[in-house]
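Trainee: Got a minute? I have a structure open and don't know where to begin.
Mentor: Sure. Put it up and we'll go through it together.

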Amino acid sequence: MSDERYPRGSSDEPIGGETASANDSCAEDAARAGRALLEEVRVLDNYEEAPGVWVIALESPRVASLIRPGQFVHLRLTGFEAHILRRPISVYGTDAEAGFIELMYQVVGSGTDWMTKLEEGDVLDLIGPLGQGWRPPLCARRALLVTGGLGAAPLTMLAEELIDAGVEVETVMGAPTAQRLVCRERLEGDGRGMVQVATDDGSEGLHGFSTVLAEERLQAAHDGLIEPYDYIAVCGPAPMMRIVCATVARLAPQALCEISLEKRMACGIGACLSCVVETVDGLKRSCKDGPVFAAEEVVW
Amino acid sequence: MANLTTTLGSLTMKNPVTVASGTFGVGRDYADFVDLNRLGALTSKGVSAKPWAGNPGVRIAETPSGMLNSIGLQNPGVEAFCAEELPWVERLDVPFIVNVSGHTVEEYVQVIERLEREETVDAYEINISCPNVDAGGMTFGTDPHAAAAVIAACRKATKRDCYAKLTPNVTDVAEIARACVDAGADGISLINTVLGMAIDIRSRRPVLERGVGGLSGPAIKPIALAQVHAVYRAVEVPIIGMGGISCATDAIEFLLAGATAVAVGTANFIEPTATMTVIDGIEQWCDEEGVDNVRELIGALEE
């Protein structure tokens, strides 16, 4: 997909008004120090990428320039106030220069259904960048990314960044059906990354789950048939991640394995303790200490 | 410019706005968004004598104009609170109210005894109203004798102001308030969350693992206003009013109903700057309406 897809809004008026512009430099200083911003954002595009899976592009220049792979934004659906909570959504793509971010979402309830009605020019607000993203080792040479369903979205920016850094990236993807194999092009990174797929209904690739493909790759590396992986990143439904973590512990214990755990959140900034995850060091907050956790840290 | 300063018992507040316990930690997570020193007072999350892990499983559910929570007062215990949170609060220039939780009367007293050694603490809010714990919490706050027993024991342990935080899940909140004041409470704080339930029809199970949780947000504001007003008519002590406050209009409604101060709770989750919006909005409204002193509004409801 071309980065020119979302030109900057035609209006020269900065959204967020005077306060936002006046605070720009100090807000950016704050965010560079790992702190979050509250930003008014304009919808640039909103389209159905695959059945039930949508992509919304938001003009969000400050967050676009600061967000790291695996981090998320907490979106407020202006005009949908009877549903009071913000929606945490991981960032699927970003273009710092053009000043936009892309979020991928699945229509699962009234909130996401309402989101599909948003049109170019609508204004929302978001808090971001939030959370701890992926932390691949600096010396990583070969990475294995394992996705399940929409879990592919938080891995795309990571794949692109790793590929650009010269890391060999292999991805095993799983989806209910071929049409729902979203993010594939980006994970392939213009042919520089290798992608294998599995579908629940057998409509493409392996008839089964990505956990099986992950095990095959890890077994091959373990048996010395392929080069070993030094970094493994996993995102998908919890049962799928648990299986992959167990496989990694058995076949590639030397590799750093990280998972992205999404829990129900209210505040998104660490205060409400809604989204806690049980870890070997006690309860941690998915929103602030995560969503990315080292696999060995999580107690299933 | 209107004078927003208010006196809450022994505390002087720059404005009548504090935060509802459990929605704001001790403010650290909000420091990116708000100038904490602009708050009228800071109210901590509930602190217990020993660490509490809180409840397992799904802890929140969104409901019409509100949310249910079943956090279960997860907190690191009073020792860790003193070591990890107080040094940070000490740097702020804002009155500090600590919310005190316990399973037994003795546990409430233990928390206060430990905090009496800390100068950073200005007042206590005694939580006898949490619906999400099995022992203590709301079981104290639904019975006037049990409520009075907790408050009387806390009263003996400190000279600092003690606010009884009450649950709306009772037939007559004024009776509980009177019992607390008779037992030595310096003020009343209300309402805590309303007991509620959400059901997932696909699994035919409650959304929250514990079955029920506490409802908060705009949905409960009318309940809170009625209860604040009932307590205002029943007792002479100051009231911290809360329940669904998300804008200045909401806050002014609580002042008119009889609250001396107001707390912003769930709104912080939605808009991290909500407290500032409320403070600015009260000031603007007072200026527009020719209200010189915000205290004129307390209990000024015309009936």
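**Chain A, then its partner**

Mentor: Start with contacts in chain A between residues at least 6 apart in sequence: 68% of them join residues at least 24 apart. Keep in mind that this is a predicted model.

Trainee: OK. How many helices and strands are in chain A?
Mentor: Chain A has eight helices and 15 strands.

Trainee: And what percentage of chain A counts as buried?
Mentor: Chain A has 300 residues, and 50% of them count as buried.

Trainee: Which domains does the assignment give for chain A?
Mentor: Domain 1 covers 3-130, and domain 2 covers 142-297.

Trainee: How many residues of each domain are in contact?
Mentor: In chain A, 21 residues of domain 1 are in contact with 18 residues of domain 2.

Trainee: Which elements give two or more residues to the domain 1 side?
Mentor: In chain A they are strands S1 (37-50), S3 (72-76), S4 (87-95), S5 (100-106) and S6 (123-130). S4(A) gives the largest share of that side, six residues.

Trainee: How do the residues on that side divide, nonpolar, polar or charged?
Mentor: On the side of domain 1 of chain A that touches domain 2, 13 are nonpolar, six are polar and two are charged.

Trainee: Switching to the strands. In what order do the six strands of the barrel close?
Mentor: Follow S1-S2-S5-S4-S3-S6 in chain A. The pairing is antiparallel. From one strand to the next, the twist averages 45°.

Trainee: How many bridges join S2 to S5 in chain A?
Mentor: Seven bridges join S2 (residues 53-59) to S5(A), and the two run antiparallel. For a spot to look at, find Ala57(A), which stands opposite Glu102(A) in S5(A).

Trainee: Which strands does helix H5 of chain A lie across?
Mentor: Helix H5 (residues 153-164) of chain A lies across S4 and S5 of chain A. The helix runs at about 30° to S4(A).

Trainee: Now chain B. How many residues does the contact take from each chain?
Mentor: The contact takes 27 residues from chain B and 21 residues from chain A.

Trainee: Which elements of chain B each supply at least two residues?
Mentor: On the side of chain B that touches chain A, they are strand S5 (60-63), strand S6 (66-69) and helix H8 (267-270) of chain B.

Trainee: And what is the mix of nonpolar, polar and charged there?
Mentor: The side of chain B that touches chain A has 13 nonpolar, ten polar and four charged residues.

Technical notes. Residues are numbered from 1 along each chain as its sequence is written. Chains are lettered from A and ligands numbered from 1 in the order in which they are written. This is a predicted model: local features need pLDDT of at least 70, side-chain atom pairs count only at pLDDT 80 or more; totals for chains, interfaces and linings use all residues. Domain bounds come from an automatic or database domain assignment. Two residues are in contact if their C-beta atoms, placed from the backbone, lie within 7 Å. Helices (H or I, at least four residues) and strands (E, at least two) are DSSP runs, numbered from the N terminus. Ala, Val, Leu, Ile, Met, Phe, Trp, Tyr, Cys and Pro count as nonpolar, Asp, Glu, Lys and Arg as charged, and the others, Gly among them, as polar. A residue is buried if 20 or more other C-beta atoms lie within 10 Å of its own, exposed if 12 or fewer, and partly exposed in between; C-beta atoms are placed from the backbone. Two strands pair if DSSP finds at least two bridges between them. Axes are lines fitted to C-alpha atoms, for helices over the stretch in contact, and angles run from 0 to 180 degrees between N-to-C directions.
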